[in-house]
Amino acid sequence: MQAFDYVAPKSLSEAVSLLEQKGERARILSGGTDLIVQVRENRRDLDLIVDGKKIAELMELSFDSQSGLTLGACVPCVRFYEDARISQLYPGLNDAALLIGGTQIQNRASFGGNLCNSSPAADSIPALIAHSAVCLIAGSGGTHTVAVEDFCTGPGRNVLGPKELLVSFHIPPPPKHFGAHYLRFIPRNEMDIAVVGCGASLEMESDLRTVKKARVSLGAVAPTPLLVAEAAAELEGRELDGGAIEKAAAAARAAARPITDMRGTEEYRVHLAGVLTRRALEKSLERAKEE
Amino acid sequence: MNPTQTMDPAKTEVEQKYKVIGTRPIRHDGVDKVTGRAVYGADVQLPGMLHGKVLRSPHAHARVKSVNTEKAEALYGVKAVMTAADFPDAGSRTANLGELGEVPLKPMCDNVMASDKVVYHGHAVAAVAATSPHIAEEALKLIEVEYEVLPPVMDVLKAMEEDSPLLHDDLYTDELGEKSSKPSNVASHSRHVLGDINQGFAAADHILEREYRCATVHQGYIEPHAATAMWNPDGYLTMWVTTQGAFTVRTSVHQILEIPVSKLKVIPTEIGGGFGGKIPVYGEPVAAVLSRKARRPVKVVMDRTEVFQATGPTSGSYVKLKMGVTNEGRITAAETMLAYEAGGYPGSVVSLGGICMFAPYNVENLTIDMYDVVVNKPKTAAYRAPGAPNSEFAAECMIDEFCEILDMDPMEFRLKNGAKEGDIQCHGIPHPRIGCLETTEAARDCEHYQTPLEGPNRGRGVASGYWVNAGLTSSVTARLNGDGTVTLQEGSTDIGGTRTSIAMQLAEVLGIPVEDVVPSVADTDSVGYTEVTGGSRVTFATGWAAYNAGQSIRSQLIEQAAAIWKVDKDQVSLADGVIATTNGDSKSISIKELAADLSQKGIDIGSRETVTPQNHGGAYATHIVDVEVDPDTGKVTILRYTAVQDAGRAIHPSYVEGQMQGGVVQGIGWALNEEYYYNEDGHLMNSSFLDYRMPTSLDLPMIETIIVEVPNPGHPYGVRGVGEVPIVPPQAAVSNAIARAVGTRLGDLPMSPQRVVKALSAKS
């Protein structure tokens, strides 16, 4: 590990100007649960670490019944799941927040950091996609938005320019009869990275049987987390029975294009994509009915 | 709730007989450990100390054409750089590794630092000492190594093929005692034969033939290797090492560096687990050479990746097994071929795998062929019952398959075929008094086994296990203090609470509380020669040395009291910490009073003892596991687990239970998820605890234990080694449970979720 500078700016503009000076030699620090490990293990060489946790916009967690949720990029998981109202409104995100690492990691790790690290197996990304989250990105030219499913471009890569940073997520308020779920498969019960992860959300018609809108997303089955529109297409406007769920699971299997590595074979991951899609949808439906 | 039941028919007798043995005192080193004050390998700090880092091969198999260290040496803060050229030429000298026997020195030196060839990913090629670990790391990047990359050989059967690339041009097979004519990756082929295998199979009603494989797995000790060396300009070398054997480190460093043992002192630190993996030396000679060159103390601490890449995994293995049984469930014959991966240099534990494989059974017709094979993986080290899990997994799985075919209760099968005193083992030596049948009976009768398991996708598995244990040389030094306490220096590094279990044996002899014994682990200058903490031998052998020390102190006290009272020493006895006459004149003095008196007179009471006991006896275990299989994901959940084991005599039952539970946990990890995952280039891809999946506390129920006590006649208190055998049964027990749960038998370890799913889909 080489020596680096550390700065904790108090404003977004200050952070942007630091990034402008250092470009790719600088990196935003959120919880640091990935970044610090990468620097220590010589997997990332940096001149400057810019701590985002003193910037108000990056630490905002608020809900408005009209505009929905604002989730600052550096808000740790613990703040999310300890907020009783918000965590109940966004159950898929809550599932992910509770799955990432152990308690100590959850005290530091953030959705924003998880997204910017852009691991194909990140737990929070399929959950964010299931909840239709949109990213607010700031740079020298101002701000713009990108849907979470369009954010990652490859393992460890994303749309952020060298002088840009993720400010916050914006998620619409949950509609009526809405349920969502994120789950992953790991061989152990904790301390593992998803072999496959799956997020799903369902907006049901008032009969609680017909699907109005659906979203299915998969992690660790492609270079980036996937939004599986084909799975949603099998569900929307139809009655959610075993046959429909099986069709959605088949669509998820068809969309999965994983690699074989130490966490699982290609064949097994495709199989799991189907299993988890079924389970995610069943749980989402259960939650939609509970509401 | 304490999940332990003690099955001891002679319990009341033992309670009357012993005051200290069988109790559960708090360990002497407990406070230091729970307050973080205990000094482990990486905690050592010395004035002016430098930090050493090791450059490792990015290739699995390559010739080292050149190593250029000039730029690293020029970096500010770098004080020394070394390569294998800094070691004396090993020539054809040999090294004695105690439990692991006599081995040639050259491979040992080359394993510490490659000279001409790297034979595994992560093999050390150079090292740097610098004023900070960060500078040392940066310096490593400046070392230029030119490699000629060779094709890696990653699988034992492929390595045995005629046209396989060779790891070592000068390795010839020891083929049943004869040297082969051309070089090979097969270092040796040996064989055990009993009876007549053809007659045995002719007498069988059912014959099965199967193949079984075990992945390479690591011991997974929590503390990485750490060594600190201070090589004084006067030629004396002092080392602080986390090791299972300070004397073994001394011998190894002495041999590699050709420094006299008299100039070499090894101070063992506390050790955070070893399981066999902290017997070989890795960073120790490196730290020493760096210290000599830099003229300052040097500490070399591995990170977890280095531990996985370059230190002792156990052998991956292939086992082919054919067995025959009668309709009545009697084993008539067993024929097996064991091929174990040794890693980059010869010396796997295949012979121990052969000896243990059928030891829980009386098998009269037997052929065991054993192959020791080099592959491009780290040189294997001992791992808890080294070699036994690989082979016994095969035998115990097949026996369960027979039980299913015969519709016979697995405990009944084991009792019918179980080994007992006098039965001939595969190497021709009869069993001494063993507790194989008693252990199985206790397992059969326990509440867990007697309670039916219900529910879909659930199954109960049973497996037994045997481990040979070891005796070997152990020493202690004991001294009576003026206050009546005894200072006890032990040569064995304490991994499993042995400070206390050894001290308890001395306390028992003198009839004093164990709190009045002050045990410590001594350095190599301060106690007699002691072999490694391994082979489940410390409570047995070092305990015996302490027993002898207690007897000696007892005799000396009796003699001193007799002299004071002017009576014959035969008329004086010592019991419960009090010395008294037995001739009716009612004189008595407590050890404390006598110690004070003798101390004032300047009379030293003490003892130094060295023992090499031979009759260590073997250890037996039978385990019961209930599992539930998720048929969608293939994930196996352990619902309940009971380990039953013969401890001979449980000196400190909590430590015996701890060993049993620890062994089971490692065995379950081996069974379900642990494996070295190499890519096609032979690169180890999962060298972290994240991706090398050992079970966590969240993956396991409380492991229930039942201690059986069939005293070992070869020990004054009946002790048998307990530490290793509990890792042997879990792999097969879990496989057998999966078979009973979902009807598919898995013979390849680990039985990871993806393997279970694959087996289930193959079945349907």
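Two strands are said to pair if DSSP finds at least two bridges between them. In this predicted model, strand β4 of chain A, residues 61–64, and strand β5 of chain A, residues 68–72, are joined by 4 bridges and run antiparallel. Within this pair, S62(A) faces T70(A) of β5(A). The connection from β4(A) to β5(A) is a hairpin of 3 residues.

Both strands belong to an open sheet of 5 strands in chain A, whose order is β4-β5-β10-β6-β7 and whose pairing is antiparallel. The edges of the sheet are formed by β4 and β7 of chain A, the latter covering residues 142–147, and each of these strands pairs on one side only. On average, neighbouring strands of the sheet are turned by 20° against each other when direction is ignored. In general, the strands of a sheet pair through backbone hydrogen bonds, in either a parallel or an antiparallel manner. Another pairing of chain A involves strand β6, residues 134–139, and strand β10, residues 165–171, which are antiparallel and share 5 bridges. Here I137(A) has L166(A) in β10(A) as its bridge partner.

At the level of domains, chain A is assigned a domain 1 that spans residues 1–171 and a domain 2 that spans residues 178–290. A distance of 24 Å separates the C-alpha centres of domain 1 and domain 2 of chain A. To the contact between them, domain 1 of chain A contributes 22 residues and domain 2 of chain A contributes 25 residues. On the side of domain 1 of chain A that touches domain 2 of chain A, at least two residues each are supplied by α5 (91–99), α8 (124–130) and β8 (152–154) of chain A. Sorted by class, this side of domain 1 of chain A consists of 13 nonpolar, 6 polar and 3 charged residues.

A further contact is found between the two chains A and B, with 20 residues taken from chain A and 21 residues from chain B. On the side of chain B that touches chain A, helices α5 (133–140) and α21 (753–763) of chain B each provide at least two residues. The residues on this side of chain B fall into 7 nonpolar, 7 polar and 7 charged. The contacts described here are given as numbers of residues, with 22 from domain 1 of chain A in the contact with domain 2 and 21 from chain B in the contact with chain A. In general, the size of an interface is often expressed as the accessible area lost when the parts come together.

Conventions: Residues are numbered from 1 along each chain as its sequence is written. Chains are lettered from A and ligands numbered from 1 in the order in which they are written. This is a predicted model: local features need pLDDT of at least 70, side-chain atom pairs count only at pLDDT 80 or more; totals for chains, interfaces and linings use all residues. Domain bounds come from an automatic or database domain assignment. Two residues are in contact if their C-beta atoms, placed from the backbone, lie within 7 Å. Ala, Val, Leu, Ile, Met, Phe, Trp, Tyr, Cys and Pro count as nonpolar, Asp, Glu, Lys and Arg as charged, and the others, Gly among them, as polar. Axes are lines fitted to C-alpha atoms, for helices over the stretch in contact, and angles run from 0 to 180 degrees between N-to-C directions.
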